[in-house]
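Trainee: I am new to this one and want to learn the reasoning behind the labels. Can we go through them together?

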Amino acid sequence: MSDTKILTCFHCGNKTPMECVNQYKDVEVDYCYDDEIGKDVPVAEYYEEYSFYKCPVCQRISIGLNSWDTTVFHPVTGDPFEDFRFIYPNVTADMKHLPEDVKGAYESALKVKNIDHAICALSLRRTLEIMCKQKGAKGDSLYKKLKFLSDKGTIPPILDNISLIIKDLGNEAAHGDEAIFDKNIIDSMIRFTNIVLEYVYLLPRELKRIQFEMELREEEKQQKEQEKQVT
Ligand SMILES: [Zn+2]
């Protein structure tokens, strides 16, 4: 319970040893009927552990969620695969599947979101610029590149209206006009960037996974039917 981890506080942006001040662990168990002993036996355990970390710099609390299960283990160490992410403050969706340079730029933006709004806006703009380059967008401005991707269907068409705001804000940031960056505008820009990144990088991956699971289920069904016909 009292372990300390070096983590980045997304309230103040400091990377610092944060003490775990409270924890809650939840477990769900899957059972399977065992013919030999004639009752249900546990076959898999799924864990979720919520940890409350206190930042020694700003004194605020962040909540981390760590999840793992007993179905997959590391082939060498034998440890389960843990998946840790912050769920409060609301950082972002699953960042681990973003390309490294996109992730780096986006993380830089999030780290300063409560410290320097102008730099946060610039970093969000950079995040989108890198994403556009990766996706082969053409155009001499971020707006035109986003429009290109929107026309191609890489990002939803509706987003291209909001992109104009991003472009304007990015330019203002570069000219050092701090005054216009209130917290609400920054939050909206982060949400916008998050939606774009999820759509471009995470959604196709998630759809592939669902398709794979459905194909697997269909195969299992056919196999069972074949087994039935044999017996
Ligand atoms: Zn802090």
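Trainee: Why does Q59 count as partly exposed?

Mentor: Its relative accessibility is 46%. Buried means under 20% relative accessible area and exposed means over 50%, with partly exposed in between (1.4 Å probe, protein chains only). The value for Q59 sits in that middle range, so Q59 counts as partly exposed. Remember that this is a predicted model: local features need pLDDT of at least 70 and side-chain atom pairs need 80 or more, while totals for chains, interfaces and linings use all residues. Residues are numbered from 1 along each chain as its sequence is written, and side-chain values use heavy atoms, with hydrogens and water left out.

Trainee: Where does Q59 lie, and what is its phi?

Mentor: Q59 is in the loop between strand 3 (39–54) and strand 4. Its phi is near 70 degrees, which is positive, and the residue is not a glycine. Most residues other than glycine have a negative phi.

Trainee: What makes the bond from Y88 to P89 worth a look?

Mentor: That peptide bond is cis, with omega near -5 degrees. Most peptide bonds are trans. P89 belongs to the loop between strand 5 (83–88) and helix 1.

Trainee: How many helices and strands does the chain have?

Mentor: Five helices and five strands. Both are DSSP runs numbered from the N terminus: H or I of at least four residues for helices, E of at least two for strands. The order is β-β-β-β-β-α-α-α-α-α.

Trainee: Why are helix 1 and helix 5 called roughly antiparallel?

Mentor: Helix 1 (residues 100–111) and helix 5 (residues 183–230) cross at roughly 160 degrees, and their axes come within 12 Å. Angles over 145 count as roughly antiparallel, under 35 as roughly parallel, 65 to 115 as roughly perpendicular and the rest as oblique. The angle here is over 145, so the two helices are roughly antiparallel.

Trainee: Which residues make that contact?

Mentor: V102, Y106 and L110 come from helix 1, while I190, T193, N194, L197 and Y201 come from helix 5. Contact means heavy atoms within 4.5 Å. By class there are six nonpolar, two polar and no charged residues.

Trainee: What makes helix 2 roughly parallel to helix 5?

Mentor: Helix 2 (residues 117–134) packs on helix 5 at about 15 degrees, and the axes are 10 Å apart. That angle is under 35, so helix 2 is roughly parallel to helix 5. On the helix 2 side, the contact includes A121, L124 and L128. On the helix 5 side, I186, M189 and V196 are among the residues met. The contact has 13 nonpolar, four polar and one charged residues.

Trainee: Why does V196 count as buried?

Mentor: Its relative accessibility is 0%, so V196 is buried. V196 is in helix 5. P156 is 40 residues away from V196 in sequence, yet the C-alpha atoms are 8.4 Å apart.

Trainee: How do you know that L65 counts as buried?

Mentor: The value for L65 is 7%, under the 20% limit, so L65 is buried. L65 is in strand 4 (residues 61–69). Beyond four places in sequence, L65 contacts E48, E49, Y50, D83, F84, R85 and I87.

Trainee: What makes T16 buried?

Mentor: T16 has a relative accessible area of 9%, so the label is buried. T16 sits in strand 2 (residues 15–34). Its partners beyond four places in sequence are K5, I6, L7, C55, P56 and V57.

Trainee: And why does T8 count as buried?

Mentor: T8 comes to 13%, again under 20%, so T8 counts as buried. T8 lies in strand 1 (residues 4–8). Among the residues T8 touches beyond four places in sequence are F86 and K111.

Trainee: What share of the chain do buried residues make up?

Mentor: Buried residues make up 33% of the 231 residues.

Trainee: Last one: how many disulfides does the structure hold?

Mentor: Zero. A disulfide is a pair of cysteine sulfur atoms within 2.5 Å, so no pair here meets that limit. As for individual cysteines, C32 has a relative accessible area of 41% and is partly exposed. C58 is also partly exposed, at 24%.

Terms used
Axes fitted to C-alpha atoms, helices over the stretch in contact; angles between N-to-C directions. Nonpolar A, V, L, I, M, F, W, Y, C, P; charged D, E, K, R; others polar.
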